[in-house]
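Welcome, and thank you for joining this tour. Please open your viewer, keep the selection tool at hand, and follow along stop by stop.

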Amino acid sequence: MFATLRSRLQNLLCRLLSRSAKCAQHQQSHQPLIKEINAAAPSPWQHLLHKENRPYLVPVFAITLFVVLMGMILWTLQEREHEQQQEALYRDSAWARQKIRLGLARRQEYISSLSRNIANAPPNHQIYRAVAQNILHSYSEITEVPWIDNAHYVYWQLPTDLPLTSHFHTANTKLLDQAILDAIDSARINKKPVYSRPLRNDQQEYFFYYATPVLNRGKTLGVIGTLYSANRTLNKLIPFELTEDYKFTLQTRSGTVLANTSFRPLPNGMTSYATTLDAPWDTLILRATSYPPVSNLVHQMLMALVISLSCFLLWCLWRLWHQNQERQIAQQNLTTETAFRRAMENSIVLGMRALDMEGRITYVNPAFCQMTGWSESDLLGKTAPFAYWPHMDMEKLKHYLTLTLQGNAPASGFQGRMQRKDGSIFFAHMYISPLINQHGKQTGWISSMTDITESKRAREELAMAHARFTTLLESLDASVSVLSPANAELLFANHYYRQLFNGQARGHLELSDNKFDLSLIDDDSCSFLEEDPDLPASEQVRAASVARGMYLRMRNTSAACEVYLPDLRKWFDVRQRYVQWVDGHLAHVVIATDISARKQAEEMAHRHEEELQFASRLTTMGEMASSLAHELNQPLGAITNYCMGAVTRLRSGNTRPEDLLSTLEKTSAQAVRASTIISRIRGFVKRSVPQQRQVDIRDVIADAVGLAEITAIRQSIRIVTDIPIHLPLIWLDPLLIEQVLVNLLKNAAESMFDSKTPHTTRLVKLQVSTSDELLSPGLLLRVIDQGPGIDEANREQMFEPFYSTKPDGIGMGLNICRSIVESHHGRLWVENNANGKGCTFAVLLPLQTLNGTN
């Protein structure tokens, strides 16, 4: 061991000497540059050999020598241990490779013996199956043994449930995997056993297929296949005592890992050795990686001893160094303070300039030089006129300098143009104050200069934007006004507002209908967005919370409405809200647009719509005239017959008054019937103002069905209703909804009459139910007929104006119906019945509208 250590120390010294020689040559080649650097600043060696640091040289040298020697000893021991591990790794890898080769040879011999027995004896499947079953039990790495003929069909196989299902089907089926087919064909042609290339199943497990030909007198009868699991083979053939110390990996030359003896993770930097397996797997590599060795107690104790001694020596050196540091603290503090003040002056963005009592420049900071473009040497000691004064403002700047030297400089400073060295002009704002020394005596003037070019340009752009915005507001054809709610003072009004109201606040109040949020007005006694720095922190937090709440209420206090001003005879669309004014207080904004022309157009359209609805009802009555005449003739004829009968009986003189009581009652009933028909017709066709009220839908349906039945009965059509017992009241115009139902029921009856529907199925059904299809609860009215239905291509056109499927129709009925339903905030649609017979018109009306409640 000591001989090895001595040889390694000699090699290390030789390396150090060679490197020293190279460093000497390198230093000679750069000797001029080194001399220049040494002349500029002291070298680290000169600093170390300073008289204040000489007491540290001995302990530093001792510690360095001790650490180097201990490091060399530990490094030598570690290298020796590494060599021993490497030798053991080479030896054990060769042993593992030999074990794999011998194990595979034994199994190949066993398979070859089975092949010879099959070739030299009559085929007896049971005996061979028993032998194959013994192979599977003896060698767990073999997962499958089939007997395959020359046509790639399987005579038999063990086990039956194959783990590699992608390579085989069930027994007596053909092989599928090309790698297995290649191995079988190679073994059959070359008449010797062949291994296939690695195979992988769905579980990402690798296999090898070993094909052994069955030869009888030189003729190949088939192949005995053997499927090896790569992972099981590696774990079965390598001894346990090797897998305890090493992790073996079977992989291809491209680096694909086929099998592992362990999944235990390994740290980086572990020793490994790879060797190529000879026959049969000469294309595979067996890699052995050593596990981390057991901790070496002697090595660790030696390392701890070295570290402890080094720490002790360092502590001794630190104590000596600490004493010297205490003496240098004062000098370092002074240097740091000076450097800090200098850094502040150099890093400040304001230009600083100092003048003496005679107006001579005594100091400028880098920011001032950067602003003007002149260096410090160009400015120091100079008197007026200065180099950064432009010629066009020379007299003005001289006047400012005279005021400064007289002590009359304005406290707010002054603004002016300055000229850079390159001739460019910039605007600057300069503040001047006296320069007082440590004795309280004024020695000059100190000035701070700020470049305000960008801020001045921003103010000018802001003024131009304000002018454009004011021009835009003045040119609007809408009234814009801003009012202070606290004192009703008009803060702003555009040209259109002043033209309407002569710039008076009453116009704002009339447009807003004198509606203000009093809580916002009361809180507006002070600016709710300004902070008072004199308030305590808790009061400032509370004030900020109140301001946020007021701001949210202010944003939500906005409205849009239509206002009519009788004095101007105009309608206005008014939009108003609260905003924060420029002074921080609350202001009320009103924007009013003249909509008088639109209101007149809407009123005219509304009148036309009412006339159209009335004309539609008259048209419906005209179409029903013959049916109404027939319906009225029946009760009138019955009344005539009853009256003539009563007269005849009275003339005979054999009738008592009480005998005519039943006849008079029947006459009265027929008169009531005729009166009911006439009252319904009168109520349907009368001109009235549309008015929504809370009604019972059953009454509206009864009137509509009564009118529709007049025509339906003559056409042999029955109208039936399906109405729940308990229905809520609904807000609607009963006359308009009755018109919709009469139109739908009449159309349903006419569709069945025109299509020659059989009398047994001539039925119109009116169903009523509640629905939640709208945003609020509603009533659903469905008119169901048994007619020909609706053509899908024309379903959307049915509600368009002047579209009709009747030869004599004008096409306005359904369009008016949809307009009426939509004016009630409902829906009207049509759909064919599911049974293919007829269609259904559905009317959905909300229980709650803008004019009513539930």
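Leaving aside its neighbours within four places in sequence, which residues is Thr-770 in contact with? Select Thr-770 and look around: Leu-727, Gly-778 and Leu-779 are the residues in contact with Thr-770, once the neighbours within four places in sequence are left aside. Please keep in mind along the way that this is a predicted model.

**Stop 1: around Thr-770**

Stay with Thr-770 a moment longer. This residue sits in strand β24, which covers residues 763-771. Is Thr-770 buried or exposed? The relative accessible area of Thr-770 is 55%, so Thr-770 is exposed, the cut-off for that word being over 50%. Now add Pro-846 to your selection. Pro-846 and Thr-770 are 76 residues apart in sequence, while their C-alpha atoms are 9.6 Å apart in space.

**Stop 2: the sheet that holds β24**

Next, widen the selection to the sheet. Five strands make up this open sheet, and their order is β22-β24-β25-β27-β26, with mixed pairing. At the edges you find β22 (718-722) and β26 (827-832), each of which pairs on one side only. On average, neighbouring strands of this sheet are turned by 20 degrees against each other, direction ignored.

Now select helix α21, residues 697-714, which packs on the sheet. Helix α21 touches β22, β24 and β25 (778-784), and the direction of α21 makes about 165 degrees with that of β22.

Move over to β26. Its partner is strand β27, residues 839-846, and the two pair in the antiparallel sense over six bridges. To see one facing pair, select Arg-827, which stands opposite Leu-844 in β27.

**Stop 3: helix α23**

Which strands does α23 lie across? The helix lies across β26 and β27, and runs at about 130 degrees to β26. Select residues 813-823 to bring up α23. Leu-814, Asn-815, Ile-816, Cys-817, Ile-820 and Val-821 are buried in this helix. Here is a helpful thought while you turn the view: an α-helix has 3.6 residues a turn, so residues three or four places apart point the same way. After α23 comes His-825, where phi is positive, near 65 degrees.

**Stop 4: a second sheet**

Now jump to another part of the chain. Here an open sheet has five strands in the order β12-β11-β15-β14-β13, and the pairing is antiparallel. Its edge strands are β12 (361-364) and β13 (414-419), each pairing on one side only. Neighbouring strands of this sheet are turned by 35 degrees against each other on average, direction ignored.

Helix α12, at residues 394-405, packs on this sheet. Which strands does α12 touch? The helix touches β11 (351-356), β13, β14 and β15 (442-451), and the direction of α12 makes about 130 degrees with that of β13.

**Stop 5: two hairpins in a row**

Zoom in on β13 and β14 (residues 425-436), antiparallel strands joined by six bridges. Two facing pairs are easy to select: Gln-419 stands opposite Ile-425, and Arg-417 stands opposite Phe-427. The two strands form a hairpin with five residues between them. Look in that turn for Gly-423, which has a positive phi of about 95 degrees.

Carry on along the chain from β14 to β15. Nine bridges join these two strands, which run antiparallel. Leu-435 faces Gly-444 in β15. This hairpin too has five residues between its strands, and Gly-440 takes a positive phi near 80 degrees.

**Stop 6: helix α9**

Select residues 297-347 to show helix α9, where Phe-312 is found. Together with Trp-315, Trp-318 and Trp-321, Phe-312 makes a nonpolar surface patch of about 480 Å².

Asn-346 is in α9 as well. Asn-346 counts as partly exposed because its relative accessibility is 35%, between the cut-offs of 20% and 50%. From Asn-346, draw a distance to Phe-368: the two are 22 residues apart in sequence and 9.7 Å apart in space, C-alpha to C-alpha.

**Last stop: the whole chain**

Finally, zoom out. The chain has 23 helices and 27 strands. Of its 854 residues, 36% count as buried. Its accessible surface comes to about 50800 Å², and 56% of that belongs to carbon and sulfur atoms. Among contacts between residues at least 6 apart in sequence, 57% join residues at least 24 apart.

Conventions: Residues are numbered from 1 along each chain as its sequence is written. This is a predicted model: local features need pLDDT of at least 70, side-chain atom pairs count only at pLDDT 80 or more; totals for chains, interfaces and linings use all residues. Side-chain values use heavy atoms; hydrogens and water are left out. Two strands pair if DSSP finds at least two bridges between them. Helices (H or I, at least four residues) and strands (E, at least two) are DSSP runs, numbered from the N terminus. Axes are lines fitted to C-alpha atoms, for helices over the stretch in contact, and angles run from 0 to 180 degrees between N-to-C directions. Contact means heavy atoms within 4.5 Å. Buried means under 20% relative accessible area, exposed over 50%, partly exposed in between (1.4 Å probe, protein chains only). Accessible areas come from the Shrake-Rupley method with a 1.4 Å probe; for residues, only the protein chains shown count as cover. Patches are made of residues with over 30% relative accessible area and no salt bridge: like charges are joined within 9 Å, nonpolar side chains (Val, Leu, Ile, Met, Phe, Trp, Tyr) within 5 Å. A salt bridge is a side-chain nitrogen of Lys or Arg within 4 Å of a carboxyl oxygen of Asp or Glu.
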